[in-house]
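Open the model in your viewer and keep the sequence panel at hand. We will go from stop to stop, selecting a few residues each time and looking at what is there.

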Amino acid sequence: MSTPLTETEATITPVGAGTGHQTKGDRFTSFSTADFEIPKGRDEDWRFTPMRKLRGLHDGSAAAGQRAAITVTGATEGVSVSELAMDDPSLGRAGAPVDRAAAQAWENSEVADHVKVAKNVALSEPVVITISGPGTDAVSYGTLVIELEESAEAVVFLRYEGCGAHSDNVEFIIGDNARLSTVVLEDWDDDAVHLSNSHLLVGADATVRHYYAAFGGEVVRAVPHVRYTAPGGDAEMLGLYFADSGQYFEQRLLVDHSIKNCRSNVLYKGALQSTGESSRSEARTAWIGDVLIRPEATGTDTYEKNNNLLLTQGARADAVPNLEIQTGEIVGAGHAATVGRFDDEHMFYLQSRGIPESEAKMLIVRGFFTDVIKRIPLQEIRDNLEEMVEQELTATVL
């Protein structure tokens, strides 16, 4: 008998201006590792993360790191690819590191890679950025800036692959009236560890569609923050992840509405499956979605949702949506989260119509991910993600 999905609507707490309330949007940031204490498992921001598996990326005990291997293809006329010194004033515009791991990555970056689309340029082909791991038992660090100047339009595909431990900071700067669609794919080997801190800075009447997919890696922790610079900004954060035995995926988002008349929409979906009963074989995910609407952000329209599908025993998903509203003058705001077992009734329905068990499971899981995959602008990437889902399912007997 299947367990029905349970939906959680977190409490909305209005907070008045001038109360001295400390919000997550006001959290401490710094480019210096020394300014942060070493995180511990009891700290709120790290309480889900398996600290012992981070290979020193968070506490300074990591082996000497190297520069991340990066390649950029599809950069045509109107696209510049350059290296910036770490003291270049154009770095850090979207935001500074929010934790020790990100600051450690910043200080260990030799240079920053800067991919910029010039003003008024509309690209017809995607820019593909590939970051490769440093190799088994090795460590790498990186800083990447993806920038669209005013009224530019582009699709950027950022793919992580290979093995080893990697930590980086990524800035997305979307200029006024610019349009960015970006796909971030965590396609690591099974033994990889990746800690990523990213910032999205959205200009006036600008639009960003940020698609995130995690399939590979032993531990993958992504911390994206969205901020706006002027009215009319529109940010959509869509994600999918599929965790197998021994994998841990964490997404910890913050959308900070401090500007009036801006919009955000967040939708993440995850599936988990495990082949054993021990803690080492457990598939685990944690999704923490924070949306902050400040007193001055009147006219805000926002919604966030996270759905998780447990395909087997020995899988655990934590879903924590948080919505803090400091003004009542908004268009709308809401959030929800679900964690539920694979639906045996759906299986029975499909099998009763002659569909084989393996095919029926594939149809159900594909349908679960459809809301996210269908919105990705590149057919090739949509096909690739559907194939990756199929490979995950066929690799393990459910």
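Start by selecting Asp205, which is found in the loop between strand E12 (193–202) and strand E13 (207–214). Keep in mind as you look around that this is a predicted model. Check the backbone angles here: Asp205 has a positive phi of about 55°, although it is not a glycine. Most residues other than glycine have a negative phi. Is Asp205 buried, partly exposed or exposed? With a relative accessible area of 44%, Asp205 is partly exposed.

Now jump to another loop, the one between strand E6 (112–117) and strand E7 (127–132), and select Asn120. Asn120 is not a glycine either, yet its phi is positive, at about 70°. Its relative accessible area is 52%, and the cut-off for exposed is over 50%, so Asn120 counts as exposed.

Next, colour strand E14, residues 219–228. How many of its 10 residues are buried? The count is 9, so this strand is mostly covered. Add E12 to the selection and you will see E12 and E14 pairing in the parallel sense over 10 bridges. To find your place in this pairing, look for Ser196, which stands opposite Ala222 in E14. Then add strand E16 (residues 248–257), which also pairs with E14 in the parallel sense, over 7 bridges. Here Val219 stands opposite Tyr248 in E16.

While E14 is still on screen, zoom in on Arg221 and show Trp46 as well. The charged end of Arg221 sits over the ring of Trp46, 3.7 Å from its centre. A similar thing to look for is Lys269, whose charged end sits over the ring of Phe368, 5.0 Å from the ring centre.

Aromatic rings come next, and the model has 7 aromatic pairs. Select Tyr160 and Trp188, a stacked pair with 5.5 Å from centre to centre and 25° between the planes. This pair links distant parts of the chain: Tyr160 belongs to strand E9 (residues 153–162) and Trp188 to strand E11 (residues 179–188), 28 residues apart. Tyr160 counts as buried at 2% relative accessibility, and Trp188 counts as buried at 4%.

Move on to Tyr268 and Trp287. How far apart are the centres of their rings? The distance is 6.2 Å, and the planes lie at 50°, so this pair is tilted. It also links distant parts of the chain, with Tyr268 in strand E17 (residues 263–272) and Trp287 in strand E18 (residues 283–293), 19 residues apart. Tyr268 is buried, with a relative accessible area of 1%, and Trp287 is buried too, at 0%. Add Tyr212 to the selection: Tyr212, Tyr268 and Trp287 form one aromatic cluster.

For the last stop, select Asn169 in strand E10 (residues 165–174). Asn169 is buried, with a relative accessible area of 6%. Which residues is Asn169 in contact with, leaving aside its neighbours within four places in sequence? Show Pro97, Ala102, Ala105, Trp106, Gly142, Thr143, Leu144 and Asn197 to see them. Finish with Trp106: it is 63 residues from Asn169 along the chain, while the C-alpha atoms of the two are separated by 6.9 Å.

Terms used: Residues numbered from 1 in each chain as written. Predicted model: local features only at pLDDT ≥ 70, side-chain atom pairs only at ≥ 80, totals over all residues. Heavy atoms only, no water. Helix = DSSP H or I, 4+ residues; strand = E, 2+ residues; numbered from the N terminus. Buried < 20%, exposed > 50% of the residue type's maximum accessible area, 1.4 Å probe, protein only. Pairing = 2+ DSSP bridges. Phe/Tyr/Trp six-rings, centres within 6.5 Å; stacked < 30°, edge-to-face > 60°. Lys NZ or Arg CZ within 6 Å of the ring centre and 35° of its normal. Contact = heavy atoms within 4.5 Å.
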